[in-house]
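Let us walk through this structure step by step, beginning with the chain as a whole and ending with the surroundings of one of its elements.

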Amino acid sequence: MGQLRADEFDRFVAARWSALLHLARLLTGGDRHRAEDLLQEALVKLWFAWPKVAGQAPEAYVRRVLARAAARSARRRWWGEHPVDQLPDPPEVADETATVDERTRLEAMLALLPARQRAAVVLRYYQDLPEGQVAQALGCPVGTARSLTARGVARLRQLLPEAVEPVE
């Protein structure tokens, strides 16, 4: 029974790792290292809850853990970073596609949002979750989730004024 549990868990993680890491990266404002730590923490919690959630919705469980952990992490003032006197030389920028440039720009703008607004926007529009599931993942009423999402989108529109107009 224990081996079957481990095999199911391993298959889930292998299948969803990339998408979950991308979600964690968006929730942390593009910080890959924090995203990896956040996802690791969420997967440890999933492992212990696996017998309960495996047959239901393990991805929804991980999304909820990620959103809450990202909000908690954002409230911390120090993550172990040490300032230095001189910044390293920036990496050389290769010729990148417009899609990658736009994604990078959007991730940078997402990083400027408060953690709960960022989580609401990412869950609502990147994960395409309905408002009720966003509220459930954030642990708040639907009206609060709706308000967080609306404020986050409004702030993104201010930060990205030259964004392409939506297609009618």
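Helices and strands are taken here as DSSP runs, of at least four residues for a helix and at least two for a strand, and they are numbered from the N terminus. On that basis, the chain reads α-α-α-α-α-α-α along its sequence, with seven helices and zero strands. The model is a predicted one, and this should be kept in mind throughout what follows.

Some totals describe the chain before any single helix is considered. Of its 168 residues, 35% are buried, while the accessible surface comes to about 11,200 Å², with 54% of that area belonging to carbon and sulfur atoms. If one takes the contacts between residues at least 6 apart in sequence, 66% of them join residues that are at least 24 apart.

Helix H7 can now be followed in detail. It covers residues 142-159, and because each residue should add 1.5 Å, its 18 residues are expected to span 26 Å, a value that agrees with the 26 Å separating its end C-alpha atoms.

Which residues of H7 are buried? They are Ala145, Leu148, Thr149, Gly152, Val153 and Leu156. Viewed down the axis of H7, these buried residues fall within an arc of 125°, and so they line one face of the helix. The face turned away from that buried side carries Arg151, Arg157 and Gln158, which are exposed. As for what lies against the buried residues of H7, they pack against helix H4 (98-111), helix H5 (115-126) and helix H6 (131-138).

One of these partners, H6, can be described further. Two packed helices are described by the angle between their axes together with the distance between those axes. For H6 and H7, the axes come within 8 Å and cross at roughly 100°. Since angles of 65 to 115 degrees count as roughly perpendicular, H6 is therefore roughly perpendicular to H7. On the H6 side, the contact is made by Glu131, Gly132, Val134, Ala135 and Leu138, and on the H7 side by Val142, Ala145, Arg146 and Leu148. Ala145 and Leu148 in this contact are also among the buried residues of H7.

A last residue to look at is Ser147, which is placed in helix H7. Its relative accessibility is 26%, and because buried means under 20% and exposed means over 50%, Ser147 counts as partly exposed. The C-alpha atom of Ser147 is separated by 9.1 Å from that of Ala120, although the two residues are 27 residues apart along the chain.

Note on methods. Residues are numbered from 1 along each chain as its sequence is written. This is a predicted model: local features need pLDDT of at least 70, side-chain atom pairs count only at pLDDT 80 or more; totals for chains, interfaces and linings use all residues. Side-chain values use heavy atoms; hydrogens and water are left out. The expected span of a helix is 1.5 Å times one less than its number of residues. Buried means under 20% relative accessible area, exposed over 50%, partly exposed in between (1.4 Å probe, protein chains only). The arc is that of the directions from the helix axis to the C-beta atoms. Contact means heavy atoms within 4.5 Å. Accessible areas come from the Shrake-Rupley method with a 1.4 Å probe; for residues, only the protein chains shown count as cover. Axes are lines fitted to C-alpha atoms, for helices over the stretch in contact, and angles run from 0 to 180 degrees between N-to-C directions. Angles under 35 degrees count as roughly parallel, over 145 as roughly antiparallel, 65 to 115 as roughly perpendicular and the rest as oblique.
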